[in-house]
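Got your viewer open? Load the model, switch to cartoon view and keep the selection box handy for a short walk through the fold.

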Amino acid sequence: MLFHVKMTVKLPVDMDPARAAQLKADEKELAQRLQHEGKWRHLWRIAGHYANYSVFDLASVEELHDTLMQLPLFPYMDIEIDGLCRHPSSIHSDDR
Ligand SMILES: O=C(O)CC1=CCC(=O)O1
């Protein structure tokens with residue numbers, strides 16, 4: 001199942017910079033692992049915002065929920081999710 005996810009990061013302005021840097025490093029490590037596993041298909045910065053558009057390819061809504069909750073930055077994110085399905089006019093035979 002494909003999910004389009006918008007993540008907007010809102011770190012507290014008074015967060016210790018070292019803590020923020022560690023959270024970002026941990027987030028990057030997990031994000032790159034999930035990309036290597038083919039679960040996090042796309043990760044795009046939204047220009048001008050501390051936010052991203054992502055596409056996840058996961059087995060279920062439950063797996064999406066569990067994956068998002070594992071993210072180190074999860075407590076500091078606003079998350080919006082849309083489920084994706086094939087468009088009848090798409091010329092692509094797979095879902096890439
Ligand atoms: O910077 C972001 O948009 C949040 C984020 C998601 C994966 C990552 O490494 O950072």
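## Start in the middle: E1

Select residues 2–9, which make up strand E1. Six of its eight residues are buried, so E1 is largely enclosed by the rest of the structure. Bear in mind as you go that this is a predicted model.

Now bring in the partners of E1. On one pairing, E1 and E3 run antiparallel and are joined by seven bridges. To see one of these, show Phe3 and its bridge partner in E3, Phe56. E1 also pairs with E4, again in the antiparallel sense, this time over eight bridges. For an example there, pick Val9 and look across to Met77 in E4.

## Zoom out to the sheet

Colour the four strands and read off the order: E2-E3-E1-E4, an open sheet with antiparallel pairing. Which strands stand at the edges? They are E2 (40–45) and E4 (77–84); each has a single partner strand, so one side of each is left without a neighbour in the sheet. If you fit axes to the strands, neighbours in this sheet are turned by 15 degrees against each other on average, direction ignored.

## Add the helices

Next, select 17–36 for helix H1, which lies across E2 and E4 and runs at about 135 degrees to E2. Then select 61–70 for helix H2: this one lies across E1, E3 (51–57) and E4, at about 25 degrees to E1.

## Stop at Glu27

Go back to H1 and show the side chain of Glu27. What is the nearest side chain of opposite charge to Glu27, and how many Å away is it? That would be Arg45, 9.2 Å away, and Glu27 has no salt bridge although it is buried. There is a polar atom pair to display, though: the backbone nitrogen of Leu73 lies 2.8 Å from a polar atom of the Glu27 side chain.

Expand the selection to what Glu27 touches. Leaving out residues up to four places away in sequence, you should get Trp40, Leu71, Pro72, Leu73 and Met77. You have met Met77 before, as the bridge partner of Val9.

## Last stop: Ala59

Finish in the loop between E3 and H2, where you will find Ala59. Is Ala59 buried or exposed? Its relative accessible area is 62%, so Ala59 counts as exposed. For a final distance label, connect the C-alpha atoms of Ala59 and Lys10: these residues are 49 apart along the chain, and the label should read 28 Å.

Key. Residues numbered from 1 in each chain as written. Predicted model: local features only at pLDDT ≥ 70, side-chain atom pairs only at ≥ 80, totals over all residues. Heavy atoms only, no water. Pairing = 2+ DSSP bridges. Helix = DSSP H or I, 4+ residues; strand = E, 2+ residues; numbered from the N terminus. Axes fitted to C-alpha atoms, helices over the stretch in contact; angles between N-to-C directions. Contact = heavy atoms within 4.5 Å. Buried < 20%, exposed > 50% of the residue type's maximum accessible area, 1.4 Å probe, protein only. Lys, Arg positive; Asp, Glu negative; His and termini not counted. Salt bridge = Lys/Arg side-chain N within 4 Å of Asp/Glu carboxyl O. Polar contact = N/O pair within 3.5 Å; in protein donor to acceptor, adjacent residues only side chain to side chain.
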